[in-house]
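I opened the notebook to look up the enclosed spaces in this model, and then the helix packing beside them. The entries follow in the order in which I looked.

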Amino acid sequence: MLPDEGATEDLGRFLAELLQPGDIVALSGGLGGGKTTLARALIRELTGTPDLDVPSPTFTLIQPYEAANGRQIVHADLYRLRSPDELVELGFDEMTEAAITLVEWPERLGPRDGPILSVDLSLRAEFGDGARFARIDGSGGMAGRLKRARALRVLLVRSGWDEAVRTPMQGDASSRLYERLVKPDGSRAVLMVSPPRSDGPAVRNGKPYSAIVKLAESVHAFVGVDRGLRALGFSAPRIYGEDLVEGLLIIEDLGSEPVVDANGPRPERYAEAVRLLAKLHATELPGVLPVADGIDHVLPAYDLEALVFETELLPDWYCPAIRGADLAGPVRSEFVALWAEVLGSIIPERPTWTLRDYHSPNLIWLPQREGLERIGLIDFQDAVLGHPAYDLASLLQDARVDATAEFELRLLGLYVRERRNREPDFDMQGFARAYAVLAAQRATKILGIFARLDRRDGKSGYLAHLPRIEGYLSRNLAHPALTRLRLWHAEHLPDLVSKATPEAAPEEA
């Protein structure tokens, strides 16, 4: 129920939040029902111009607009349209293919595919002068977006962030979306939109990719791990509001001060990040974490199936896309068998929380705090129970940061000393071996993932990091534990091992 014109405009601003290029907004209702009022509010919100003149396109039929972010907007009034065939002459399909299209009198548009948001407006004088009733529905995936948008509005109001200005933030390689929230008083938070992940098609043994490699399928994982880290005294974001069903979180904004600068890693900040891992890994940790009343998150094991499957991204994506090599049949089988053998030899006696993406983009420096709390932690929803060496390799062989082998070895030594201070019987040699193996596994996986992001998803920017990761892989293959894999690479991908520097092998830590 919309009691007045202002409420109709508020509805337009709300609906604008969920629209994307290619969407159609079908505005129906009788004359004077408020279609143009709603369209005007939508267009002003989408263009970011509150006082934009938005005339009714009754006589021009189609009126295009362009938003500041480059998005195209089309406002069409088809009241005078005699036949859908006339739209062809007007170039309607070409004009609206990548635009957000608002259509008044949509019944004259003809059948359409794709996401459609339907809004039917009717006058309801019995509720007051100017009162209207809006019936809203969606098709082509729009219904889910509409449901999530309504849930988000409820969450913002319930958590006290409904007056905040929302600004999109740069995301990561996942499907999650982030926005920065800023209240009128300057208070800040981050909105995370992480809808439940669909299983996807089965890729092996009846299981989808996400299940094999143990990726989080809902926001429950983030909440459980977040609260677990905070209980240990680490600086994970406080959670201000949550909708677990829709995958919506309002979390503390830890800022953006990095642990690196233009010259690479900041040594004192990286040292603190290493000490954090040493403390975490020396702690007895549960495998089940509470999320909400009656809801727990079980950390999955980073098992041999997951680790080996991830290495297969190299022959499946990196080799054909980057090297032009088709490594199939016995060659591929040998590669997989070698990895299964070496990974099977480093199963930890006491698995620990493996945050999995513990590297510079997900570490924030908090100078106003003290000790280990100066390391802010984000992006840990895919945490698993695994070997402690994995996260250390993730930090010291960062895909986006240049770090020398000498710097890596120095921090490996720091980690060993910190672990020995807490556990005098800490097995340094066994850890160094596992570090080399898991660092090589991670480099192998990332080469495949970045090639896949380029080839499948059109994200070519990741290719710039390949030479660095190739160098890491070459460095790790110099370890004696990986001799047979090094020989395999020397035969089938010889340029990858030509950079190897045995004197920098991790065993010397």
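I started with the largest cavity, and found it lined by A393, Q397, A399, A439, R442, A443, I446, I469 and Y472. The model is predicted, so I note that local features need pLDDT of at least 70 and side-chain atom pairs count only at pLDDT 80 or more, whereas totals for chains, interfaces and linings use all residues. Residues are numbered from 1 along each chain as its sequence is written, and side-chain values use heavy atoms, with hydrogens and water left out.

For the search itself I wrote down that, on a 1 Å grid over the protein atoms alone, a cavity is a set of points where a 1.4 Å probe fits but cannot get out, that a pocket is an open set with protein on both sides within 12 Å along at least five of seven lines, and that lining residues have an atom within 4 Å of a point. Grid points are joined across faces, edges and corners, and a volume is the space filled by probe spheres set on the points.

The largest cavity has a volume of about 60 Å³. The elements that give it two or more lining residues are α14 and α15 (466–476), and α14 gives the most, with 4 residues; helices (H or I, at least four residues) and strands (E, at least two) are DSSP runs numbered from the N terminus. By class I have 7 nonpolar, 1 polar and 1 charged residues in this lining, where Ala, Val, Leu, Ile, Met, Phe, Trp, Tyr, Cys and Pro count as nonpolar, Asp, Glu, Lys and Arg as charged, and the others, Gly among them, as polar.

How many cavities of 30 Å³ or more does the structure hold? I found 2. The second largest cavity holds about 40 Å³ of space, and L355, D357, Y358, N362, L363, L377, I378 and F380 line it.

I turned next to the second largest pocket, which has about 500 Å³ of space. Of its 19 lining residues, E349, H387, R419, F426 and D427 are the closest to its centre. Here too I met α14, which gives the most to the lining, with 4 residues. The lining divides into 7 nonpolar, 5 polar and 7 charged residues.

I then looked up how α14 packs. Helix α10 (residues 313–323) and helix α14 (residues 428–455) pack at about 55°, with their axes 8 Å apart; axes are lines fitted to C-alpha atoms, for helices over the stretch in contact, and angles run from 0 to 180 degrees between N-to-C directions. The two are therefore oblique to each other, given that angles under 35 degrees count as roughly parallel, over 145 as roughly antiparallel, 65 to 115 as roughly perpendicular and the rest as oblique. Among the residues in contact (heavy atoms within 4.5 Å) are W317 and Y318 of α10 and L447 and R455 of α14.

Helix α13 (residues 405–422) packs on α14 at about 140°, with the axes 11 Å apart, which makes α13 oblique to α14 as well. The contact is made by E408, L412, Y415, V416 and R420 of α13 and M428, F431 and Y435 of α14. I noted 6 nonpolar, no polar and 2 charged residues in it.
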